[in-house]
Each structure stands twice: as C-alpha cells, then as structure tokens.
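Me: I'm new to this structure and would love a close look at one part of it. Could you take me through the stretch around helices H7, H8 and H15, and then show me how the rest fits in?

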Amino acid sequence: MSERLTSTKDLKRTLGFWDLMGAAVGQIIGAGIMSLTGVAIGMTGRSVPIAFMLAAFMTVFSWLPMTMVNSAARYRGGNYSVISTLVNKKLTGAYLIIYILSNVSLSMYCLSFADYALPFVPVVPRKLLALGILAFMYILNCAGIDAFAKVQNVIVLCLVIALAAFSAYGFGKIDWKTYMDSTFMMGGKLGLARAACQLTFATGGASMIVNLSGEAKNPASDIPKVMIISTVSVAILYGFMACIAAGVLPTHEVANQSLVKVASTILPKPMYVFFIIGGAWMALISTLNSQLAAITKPFMQGANDGWLPSWVATLHKTRRTPIVLLTMFLFVGGIPIITGLPISVLSRLVTTVGSVTNCMLASSLLFIDKKLPKELWANSPMHVSDGLRKFLVIFAILIFAMQGILLGSSLPTNILLLNIATVIVALIFAYVRYGSGKVKIEESWEAR
C-alpha cells in the first residue's frame, strides 16, 4: 500500500517568475476593477482615480514588511508559516480560523462573473452561473499546479489586452469640462478615505503569491519582485480605467454599478463583446484560479502541525493537489452564493476581518533577525536598518488598523458582530487546541 502524501514538502516546485507574475496579476485584476469601481464611485464620486492611487500606495507600503520577510527564506505554508516561524506559534490556529472567513471572497468573484455573463445567457439564473464557474475552477485546480500555471498565463494575457483596449477607446470620451463638478469627492474626505480602504481589496491581490512559496522554484528571489512590480503596474492601469468609469457618464448612472454600462457606451459592438469575455470574464476567472491555488497551502501546513486532522492535507498521488482542502473551499465559496449576500457586504466583510491577520503578518518583520539565522536576513537584498524596519512595521499596522476601523464602521451591525465573534472564537480555539498538546509545530521554512 503506497504512503499517503500530506506534507507541504511533497508539493511540486514548478512555478517560475512569470508563473508567479501571472498568478499575481490575475489575482489583482478581478473583483476590484470589475465590481468595486462602481461601489467606490458611490462613496467618493469622480475622485475615484485618487482613491485607487491612495489604495495602491497603502497596498505597497502595508505589504512591504511581508515582501521583505519573503526575501530571506521559503515559507512552505505561505503566510501561516510566516506567523509560526516569526511571530507566535499559538496564533497560527487563530489565523486559520480567520482565514476561512476571509475566503468567502470566492463567492464575490463568482457573483461578479455571473453579473457579466447574464447579458449573454439571460435564461440562466445568476446563482446557477456563479456556482457553475466555481465548480469549473475547482475541477481545474484539482488537475494540478502545472495546469493552473498554463491556463493562468493565457487568461492574464487576454484580460490585459481587453483592459488596455477599454482604456484606449474610453480615454478620449471623458468629459473633462464637467469632471470636477459637484460629484468630485461627493463623500468628502471620509468618503475618499473609505473608498481607498475599500479599493485596497482591489490592489492587494499580489500578497496571495506568498502562499505559493512551497510550489515556487526561487521564492525568495521571485516573490518580492513580483509583489511590487505587479501591484504598481496594475495600479497605473486602474487609474486610467477609473477616470473612464467615472467621467464618461453621469455619476448617478455608474455609482454602485459594474463596468458593463460604460463599456457598452464607449466600445464598438465587437470590442464590447471582447471586453466582457476577454476582460471581465477572464479577470474574474483568473482571480478565482489564483485564489483556489493559493488558499489551501496554509491549511495543509496547519494540518501537518495538528491544528486540523492530518487527512485534510491529503494530496492527489500524481497531481500533488490538496483535493480535500479544495473541496472544503468549494463549500466555503458556495454557501454565500446560495444565501444571497450582496457583493458590497462581502467585500467589506473580508477586508475588515482580514485586517487582523494582516497586522500579525506585518509584525513578522520585527522578529526576523531573532527567529531565523541572522545571516539570512543580513544577506537579504531587502535588508534595512533596525530603525527603518520598525518604522515600516508600525506604518503597515496603522494602515491595516485604519482599514479595519473605516470599513468596520460602515458594516451592518450583524456583519460587524460576526467579524468580532470570528476573531474571539479563533483566539479561543487557538488557546484550547494548543493547550491540549495535540499541536506540534514543525519548521516549515527553508533557506533561500
């Protein structure tokens, strides 16, 4: 009888720089520009391009500590391994529980896809379309990391061409004479700040590739570069698209709406069809593909360490895919679709609760020279002085805290209480499970 594969050491290490770049760009370009642009316009009006730029600034600097941490070593369980190695072993259990809730964003991408697909197949119910695309991406990820990378690179190429075409056609149709009317910053400074915090969900996807460290060829070299380059490049594209989304039609017609209406106004019919299929569809599919590929790795390592039953981490014998965990997240993404939670609530929900785990991850840079061999950090290409290191951590934590407070204050009371309850339950679970003696944290980092 052959031995069951369950360790993160058994993952295939096949992802190169461009595979990681495809995963990062595909994760960033998705629900953000396609679904949240209209939501942000509803908050701040035609100043939404400024909100995107602020969001990109906050994203790069808030994730800089994690970028630097990943320049020193490989973390097989992704962010989970960062916390267990550098922060606190007991907190890894809390991280896993909170991370489950954060990934209800899967349903947001599926619902967004359904919104863009409905004009082409109006007879199919929205929920059925959303569940169908989730099931399709689940099957693709079960096929293996090689299949993921090949499909992802083709999808990302299509969506970048489509979004560039949208920008080229639409930029000349903006009514610049009325752009700075009363709808510019119509929500005031607070509205602009909330919109920027909301849009960090759109610009922050590159951090996901940390969870692919166990499957990357050269993670310490490639992951930091990909995180910075992909975020800045996509943010520039977002700035152009946001100007068009807010400046072609009256604000009240595009607030809280998807980009379909603007696209149908500015694009010729053939280009409109290509934008919907090659742009909107592919953006959301690429995000689903990236997220499903990445989210399982922290839970694999968590099962290796005893937080979850060991069989949860079971890999397919030939494809080396975590089939049990992929099935679990099929349900995590499907339940909100069936229950009918709106996209605007889903996006605020995952960003708010995610600020807690983001603060954990940012703090990891403080301990890198104490928890890892000193030479790993000293030889890192991103090594900085102790003073600058502390400043970057504090700055990142302040950004994450601001995001949590601004977005949490705008949540319905029941959803906000769910966020708070999740954090409390996660901490209780971590304390009780770790105290039981069933958790044995193994070293899940490797020298670069």
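Reply: Here is a walk through those three helices, followed by the core, the pocket and a few single residues. Keep in mind that this is a predicted model.

Let's start with H7, which covers residues 105–117. How far apart should its ends be? At 1.5 Å a residue, its 13 residues should span 18 Å, and the end C-alpha atoms are 19 Å apart, which agrees. Now look at how H7 sits in the model: 12 of its 13 residues are buried, so the helix is largely enclosed by the rest of the structure. If you want to click through them, the buried ones are Ser105, Leu106, Ser107, Met108, Tyr109, Cys110, Leu111, Ser112, Phe113, Ala114, Tyr116 and Ala117.

Next comes H8, residues 126–142. With 17 residues at 1.5 Å each, H8 should span 24 Å, and its end C-alpha atoms are 25 Å apart, so expectation and model agree. Its buried residues are Leu129, Ala130, Ile133, Leu134, Met137, Tyr138, Leu140, Asn141 and Cys142. What lies over them? The cover includes H7, which you've just met, along with H9, H14 and H15. After H8 comes glycine 144, with a positive phi near 125°.

That brings us to H15, residues 323–339. H15 has 17 residues and runs 25 Å from first C-alpha to last, close to the 24 Å expected at 1.5 Å a residue. Buried along this helix are Leu325, Leu326, Phe329, Val332, Gly333, Gly334, Pro336 and Ile337. Just past the end of H15 there's glycine 340, where phi is positive at about 85°.

Zoom in on isoleucine 323, which belongs to H15. Is this residue buried or exposed, or something in between? With 29% relative accessibility, isoleucine 323 counts as partly exposed, because buried means under 20% and exposed means over 50%. Leaving out neighbours within four places in sequence, isoleucine 323 is in contact with Tyr138, Cys142, Thr314 and His316. Two of those names should ring a bell: Tyr138 and Cys142 are among the buried residues of H8. Isoleucine 323 also has its C-alpha 9.3 Å from that of threonine 296, although 27 residues separate them in sequence.

Step back into the loop between H14 and H15 and you'll find arginine 320. Most residues other than glycine have a negative phi. Arginine 320 has a positive one, near 55°. At 29% relative accessibility, arginine 320 is classed as partly exposed.

H14 also matters for the bigger picture, so on to the core. The largest nonpolar core has 146 residues, and Ile29 and Phe275 have the most contacts inside it. H14, residues 269–305, gives this core its largest share, with 17 residues. A second, separate core has 5 residues, among them Ala196, Cys197, Ile399 and Leu406. As for phenylalanine 275, its contacts beyond four places in sequence are Met34, Ala162, Leu163, Phe166, Met241, Leu259, Ala263, Leu267 and Ala280.

Then there's the largest pocket, with a volume of about 280 Å³. It is lined by 15 residues, and those closest to its centre are Trp18, Met21, Val25, Val156 and Val160. H1 (17–28), H9 (145–170) and H11 (219–247) each supply at least two residues of the lining. You may recall H9 from the cover over H8. What kinds of residues line the pocket? The lining has 11 nonpolar residues, 4 polar ones and no charged ones.

Two more stops before you explore on your own. Aspartate 10 sits in the segment before H1, and at 22% relative accessibility it counts as partly exposed. Its C-alpha is separated by 9.4 Å from that of glutamate 215, with their positions 205 residues apart along the chain.

Finally, find leucine 376 in H18, residues 374–378. Leucine 376 has 12% relative accessibility, so it counts as buried. Leaving aside residues up to four places away in sequence, leucine 376 touches Ala72, Trp445 and Ala447. Leucine 376 and alanine 149 are 227 residues apart along the chain, and their C-alpha atoms are separated by 29 Å.

Notes
Residues are numbered from 1 along each chain as its sequence is written. This is a predicted model: local features need pLDDT of at least 70, side-chain atom pairs count only at pLDDT 80 or more; totals for chains, interfaces and linings use all residues. Side-chain values use heavy atoms; hydrogens and water are left out. On a 1 Å grid over the protein atoms alone, a cavity is a set of points where a 1.4 Å probe fits but cannot get out, and a pocket is an open set with protein on both sides within 12 Å along at least five of seven lines; lining residues have an atom within 4 Å of a point. Grid points are joined across faces, edges and corners, and a volume is the space filled by probe spheres set on the points. Helices (H or I, at least four residues) and strands (E, at least two) are DSSP runs, numbered from the N terminus. Ala, Val, Leu, Ile, Met, Phe, Trp, Tyr, Cys and Pro count as nonpolar, Asp, Glu, Lys and Arg as charged, and the others, Gly among them, as polar. The expected span of a helix is 1.5 Å times one less than its number of residues. Buried means under 20% relative accessible area, exposed over 50%, partly exposed in between (1.4 Å probe, protein chains only). A nonpolar core is a set of buried Ala, Val, Leu, Ile, Met, Phe, Trp, Tyr and Cys residues joined through side-chain atoms within 4.5 Å. Contact means heavy atoms within 4.5 Å.
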